[in-house]
Amino acid sequence: MALALEVIGAGFGRTGTLTMKTALEVLGFGPCHHMLEVMDNAESQLPFWNRVADDPSGANWEDVYASYRSTVDWPGCHFWRELSGFYPEARVILTLRDPEQWYESVNQTILAGMRQMQLDKPVPRDEPMYFGAVIIGQQDFGGDLSKESVIAAFERHNAAVRSAVAPGRLLEYRVSEGWEPLCEFLGVAVPDQPFPQSNEREGFDEHIATAQSTADRMRAT
């Protein structure tokens with residue numbers, strides 16, 4: 001039987017989303033979708049994300065999320081409006097981080113990876129990683145990857161989530177806050193184990209290499 005998303009992570013990547021994935025799975029809201037899931041299931045998921053990147057209207061989100069209870073990170077955070085409408089019972093979590101620290105992390109990881117894969121510029125429609133260039137580089141960051149522009153995009157995104165999601169449905173959260181506010185919001189008991197601490201920067205180069213390898217393989221087929 002298909003699952004239904006119960007938690008929608010609206011926060012941009014590099015706001016502790018891998019930590020959130022682990023925490024949600026500990027709390028019983030797993031499997032949790034994350035960009036890593038896209039790379040691990042590239043053949044089945046990339047066509048979907050490339051298709052909805054330009055026009056998500058009419059998308060059947062169950063095509064991707066039928067086996068998941070929650071989602072965090074890109075690409076799901078980009079589609080928070082659509083997902084919150086498609087799954088009206090799901091709660092929304094906006095993960096936050098100091099904008100300057102967030103940009104430093106994004107610039108050294110996601111933006112560096114996009115530049116390496118040449119996704120920081122318009123790409124052809126048949127590019128396997130098309131969705132990344134479109135939804136992150138063009139739509140979320142407006143095609144301008146300068147520090148000032150990216151931080152402004154981050155703050156616009158957070159403001160849009162705050163203004164659109166009903167207060168009782170939304171939790172603004174920093175992973176440094178630990179279990180208590182997260183568990184209270186989700187209505188579950190605090191687990192008898194330390195809050196996870198995932199360093200997303202460690203191993204990021206390996207993730208980019210995997211993405212590059214996946215794209216190369218799909219171009220060759």
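## Salt bridges and a buried helix

The structure holds six salt bridges. The model is predicted. Three of the pairs are described here, followed by helix H8.

### Salt bridges

The table gives the closest distance between N and O atoms for each pair.

| Basic residue | Acidic residue | Closest N and O atoms |
|---|---|---|
| Lys-21 | Glu-37 | 3.0 Å |
| Arg-125 | Asp-54 | 3.2 Å |
| Lys-147 | Glu-100 | 2.7 Å |

Lys-21 forms a salt bridge with Glu-37. This pair links distant parts of the chain, with Lys-21 in helix H1 (residues 17–26) and Glu-37 in helix H2, 16 residues apart. Are the two partners buried or exposed? Lys-21 has a relative accessible area of 10%, and the cut-off for buried is under 20%, so Lys-21 counts as buried. Glu-37, at 16% relative accessibility, is also buried. Both residues belong to a network of salt bridges that links Lys-21, Glu-25 and Glu-37.

Arg-125 forms a salt bridge with Asp-54. Because Arg-125 lies in the loop between H7 and H8 and Asp-54 in helix H3, the pair ties together parts that are 71 residues apart in sequence. Arg-125 is partly exposed, its relative accessible area being 42%. Asp-54 is partly exposed as well, at 44%.

The salt bridge of Lys-147 is with Glu-100. Lys-147 lies in helix H9 and Glu-100 in helix H6 (residues 99–108), so parts that are 47 residues apart in sequence are tied together by this pair. With a relative accessibility of 38%, Lys-147 is partly exposed; Glu-100 is partly exposed too, with a relative accessible area of 43%.

### Helix H8

Why is helix H8 described as largely enclosed by the rest of the structure? Of its eleven residues (130–140), nine are buried. The buried residues of H8 are Tyr-130, Phe-131, Gly-132, Ala-133, Val-134, Ile-135, Ile-136, Gly-137 and Asp-140.

Which helices are included in what covers these buried residues? The cover includes helix H2 (35–40), helix H3 (42–54), helix H7 (110–116) and helix H9 (147–164). Several of these helices also appear among the salt bridges: Glu-37 is in helix H2, Asp-54 is in helix H3 and Lys-147 is in helix H9. After H8 comes Gly-142, which has a positive phi, near 65°.

Notes: Residues numbered from 1 in each chain as written. Predicted model: local features only at pLDDT ≥ 70, side-chain atom pairs only at ≥ 80, totals over all residues. Heavy atoms only, no water. Buried < 20%, exposed > 50% of the residue type's maximum accessible area, 1.4 Å probe, protein only. Helix = DSSP H or I, 4+ residues; strand = E, 2+ residues; numbered from the N terminus. Contact = heavy atoms within 4.5 Å. Salt bridge = Lys/Arg side-chain N within 4 Å of Asp/Glu carboxyl O.
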